[in-house]
Amino acid sequence: MFKSVSVLLFAALVLTSCGAVRDSRVNPLNWFGRSQSAPVAVASDAVVNPLIPRRKESIFRREKDTSYRGSDLGEITELVVERRPGGAIIRATAVADQLEAFDLKLVKIDEESQSGTLTYAFRGLQPRRSQGPIASRTHTAGVWVTDNQLRDVRVIRVKGARNVRTVKR
């Protein structure tokens, strides 16, 4: 009994130290690999959806505007997918263009053209202030994603103002 356990333990240690197993898809630590950066295509005009009706303001009652008014942060520097029981945490780090950015969120973007891709935009409210050192403009945000949401996902993208980071499964 002791001999078989020691042989199994030794085989497990040898296999996990091999580069082939460490970089393979079998290793659960490598389900999402390292992130890659790509530039963002700049849109010329803001597209207005004609199917969404305009809100009508009433003199007597004004509706609260609950939409999120954050803008994309400058450059995404890091994207990590951390596996947890029941799902994963998508954590992104970005450098904002202005000091004192707040109310940071990873906002899900629905892109119907790409199946198997989960796309987020790293947004925050950025007051118009002067620029400061990179350390004071660096921010991190994360979002929890369940296993059911990750079932058909092969690529996770986080978009900033100047680049897009992707992680592939």
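Of the 169 residues in this chain, 27% count as buried, and because the model is a predicted one, every value given here is computed from predicted positions. The accessible surface of the chain comes to about 12500 Å², and carbon and sulfur atoms account for 56% of that surface.

The chain contains four helices and nine strands. If you follow the chain from the N terminus, you meet these elements in the order α-α-β-β-β-β-β-β-α-β-α-β-β. Among the contacts in the chain with a separation of 6 or more, 67% are between residues that stand 24 or more positions apart.

One residue with contacts of this kind is Leu-73, which sits in the loop between strand E2 (71-72) and strand E3 (75-84). Is Leu-73 buried or exposed? Its relative accessible area is 0%, and since buried means under 20%, Leu-73 is buried. Leaving aside residues up to four places away in sequence, Leu-73 touches a list of residues that includes Ala-94, Val-95, Leu-104, Phe-122, His-139 and Ala-161. For Phe-122, which is 49 residues from Leu-73 along the chain, the C-alpha atoms of the two residues are separated by 6.1 Å.

We can now turn to the charged side chains, for the structure holds seven salt bridges. In one of them the side chains of Asp-147 and Arg-83 meet, with an N to O distance of 3.5 Å. This pair links distant parts of the chain, as Asp-147 belongs to helix H4 (residues 147-150) and Arg-83 to strand E3, 64 residues apart. Asp-147 counts as partly exposed at 34% relative accessibility, and Arg-83 likewise counts as partly exposed, at 26%.

Another salt bridge joins Asp-97 and Arg-162, whose closest N and O atoms are 2.9 Å apart. Asp-97 lies in the loop between strand E4 (87-95) and strand E5 (102-109), while Arg-162 lies in the loop between strand E8 (155-159) and strand E9 (163-168), so this pair ties together parts that are 65 residues apart in sequence. Asp-97 is partly exposed at 22% relative accessibility, and Arg-162 is partly exposed with a relative accessible area of 45%.

A further salt bridge brings together the side chains of Glu-82 and Arg-91, at 2.9 Å from N to O. Glu-82 is partly exposed, with a relative accessible area of 22%, and Arg-91 counts as partly exposed at 26%. Which residues share a network of salt bridges with Glu-82 and Arg-91? The network links these two with Glu-78 and Arg-84.

Conventions. Residues are numbered from 1 along each chain as its sequence is written. This is a predicted model: local features need pLDDT of at least 70, side-chain atom pairs count only at pLDDT 80 or more; totals for chains, interfaces and linings use all residues. Side-chain values use heavy atoms; hydrogens and water are left out. Helices (H or I, at least four residues) and strands (E, at least two) are DSSP runs, numbered from the N terminus. Buried means under 20% relative accessible area, exposed over 50%, partly exposed in between (1.4 Å probe, protein chains only). Contact means heavy atoms within 4.5 Å. Accessible areas come from the Shrake-Rupley method with a 1.4 Å probe; for residues, only the protein chains shown count as cover. A salt bridge is a side-chain nitrogen of Lys or Arg within 4 Å of a carboxyl oxygen of Asp or Glu.
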